[in-house]
Amino acid sequence: MSSGSDLKGLTLLYNRTAKILVQPIVTTTTLAPGVLNKGAPWLAAAHQIVPQSSAIIVVVLLIITATVYLAFRPKIVYLIDYACFQPSSNLRVAKANFLEHQHLSPLLVDSTVNFIATVLERSGMGDETCVPPVLHYIEPYCGLDEARAEAELVVFSAVDDLLAKTGINLDAISVLITNISAFCPVPSIADVIVNRYKLRGDLRIINLSGMACSASVNAVGLASNMLRVMPRGSHALLVSTETIGPSYYEGNTRSMQLSNILFRIGGAAKLLSCSRGKARFRLGHFTRTITAANNDAYQCAYQEEDEEGNLGVALSKDIMNVARDTLKVNIMATAPLVLPASEFLMFLLFFVAKKVFCRRNTRPYIPNFCVAFEHFCIHVGGPAVITSVQRGLNLSDKHVEPSKMTLHRFGNQSTSSVWYQLSYIEAKGRMKKDDKVWMIGFGAGYECNTIGWVCIQPSSRVDGPWASCIHRYPVDVSKIG
């Protein structure tokens, strides 16, 4: 929606407000003396005490109030569209091939290879996940050029697809936010995008790093805050990916091998705006929970060197407990924003039963978030993560199907996985107008960030990463966790 159409909408709203609120007051004030003179002389006398100018004061106050409200009310943020990177078939790595490379690697001992085989079997991933070209070698080497090539492959493909879908003028992009956790070249990936697409010189640029899998959701919250204070018609381009080549771990510490086993190539580009024109989703809420003040949470996903000096990211055995506790805190903050009053009443009744009547064996009431959202996009950290969230929120298998199918087809794509899930829901034709979507992201720190979307215009076509395979899904993944 352009600034001219925004002004026309505000004018229409003002005219309706004046007609509904002001006109009855003026009419009543004008007719009241005649009515009072005929029905009650003493009231008529009292009415004469009130100056006729009171009607003008009321009208002026109403106009001022309406003007201030329209000028300072929070702007609504919209998702114009999004695009996910679709890896080519030559990047595919079957589980058997992946494991064979580990067997042939001179860097790994037998116990490590056996551990990799066990985790891979239980990973919930299929044989069509993809890795960057450098990881197709038995002894992977990823220098600066290889890392930059991997990032550009994903980023440029996703942005190209997004620009083709939206047809936006590049000069309309006022904000650029990128997030890649483990690869921070100079110039930054944001600058690489500016150079590639020749974006405007006064662009606001933010390059996020080190936030891991929750960064994409966090970037939406950051972009929405910026758009709300910028002129109407401004657009924000968000690009999310994770380069896994530079993060490849070459040692034998099991907690640091998990990222090698689970992470796969992927990325997404999103276009946000405060203008509704051509928008497909409306931003409902954004809730961020960070627990880095707690040492256990801070160190549960930690980049460090092993005893032999090999750099990698260690995942603590406490990560599931930390994720569960962080999600609980996020839910407590999100619930008042999305749940109906009936759910709060049920929670209060259970709280009273447990505290007032000292019934300690009373289980805490879990709010029914299915009354607030039709679809759920849960970070695909692994089968255990998905199952834990499913049980914690009392979700059905249908609700977590997008998460499990994304894990099976694409693996853990870190920050961009929630967008592949949204694409899955749309590719299956399940997204309807006014449907609500809850995206849940977990990341290092430890963080749990969630956002809610309301569908304005469902996709009219099956495209994107699921176009060639959606007819084969869902598949049976009952044995993954």
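Is Y420 buried or exposed? At 0% relative accessibility, Y420 is buried. This report describes that residue and other features of a predicted model.

## Confidence of the model

The mean pLDDT of the protein is 87, and 85% of the residues reach at least 70. Residues 1-7 fall below 50 in pLDDT, and this stretch has six contacts beyond near neighbours in sequence.

In a further stretch, residues 20-37, the pLDDT stays under 50. The model gives residues 20-37 a count of 18 contacts beyond four places in sequence. Where pLDDT is low, the predicted coordinates should not be read in detail.

## Aromatic pairs and the F410–Y420 contact

The model contains 13 aromatic pairs. One of these joins F410 and Y420 in a tilted arrangement, with 5.0 Å from centre to centre and 55° between the planes. F410 belongs to helix α14 (residues 397-410) and Y420 to helix α15 (residues 417-427), so the pair ties together parts that are 10 residues apart in sequence. F410 counts as buried because its relative accessible area, 2%, is under 20%. Y420, at 0% relative accessibility, is likewise buried.

F410 and Y420 also belong to one aromatic cluster together with Y424, W466 and Y473. In addition, R409 lies over the face of F410, at 4.4 Å from the ring centre. A further placement of a charge over a ring involves R196, whose charged end sits over the ring of Y197 at 5.8 Å from its centre.

## Nonpolar cores

The largest nonpolar core comprises 49 residues. Within this core, F281, W419, L422, W453 and W466 touch the most other members. W466 is also part of the aromatic cluster that contains F410 and Y420. Apart from the largest core lies another of 45 residues, among them V93, L108, F373 and I440.

Which residues does W453 contact, leaving aside its neighbours within four places in sequence? W453 is in contact with L79, V220, F281, R282, L283, G284, W419, D435, K436, V437 and M439. Two residues in this list, F281 and W419, are also named among the core members that touch the most others.

## N218 in helix α8

Helix α8 (residues 215-227) contains N218. N218 has a relative accessibility of 8% and therefore counts as buried. Not counting residues up to four places away in sequence, N218 touches M211, F286, R288 and N449.

## Helix α11 and the segment around F286

Helix α11 (residues 319-338) includes L337, and A333 lies in helix α11 as well. L337 counts as exposed because its relative accessibility is 56%, over the 50% cut-off. A333 is partly exposed, with a relative accessible area of 38%.

How far apart are the C-alpha atoms of L337 and F286? These atoms are separated by 9.6 Å, although the two residues are 51 residues apart along the chain. Beyond neighbours within four places in sequence, L337 is in contact with H285 and T287. A333 and R288 are 45 residues apart in sequence, and their C-alpha atoms are 8.8 Å apart in space. F286 and R288, named here as partners in distance for L337 and A333, are also among the residues touched by N218.

Terms used. Residues numbered from 1 in each chain as written. Predicted model: local features only at pLDDT ≥ 70, side-chain atom pairs only at ≥ 80, totals over all residues. Heavy atoms only, no water. Core = buried A, V, L, I, M, F, W, Y, C linked by side-chain atoms within 4.5 Å. Buried < 20%, exposed > 50% of the residue type's maximum accessible area, 1.4 Å probe, protein only. Contact = heavy atoms within 4.5 Å. pLDDT = per-residue confidence, 0-100. Helix = DSSP H or I, 4+ residues; strand = E, 2+ residues; numbered from the N terminus. Phe/Tyr/Trp six-rings, centres within 6.5 Å; stacked < 30°, edge-to-face > 60°. Lys NZ or Arg CZ within 6 Å of the ring centre and 35° of its normal.
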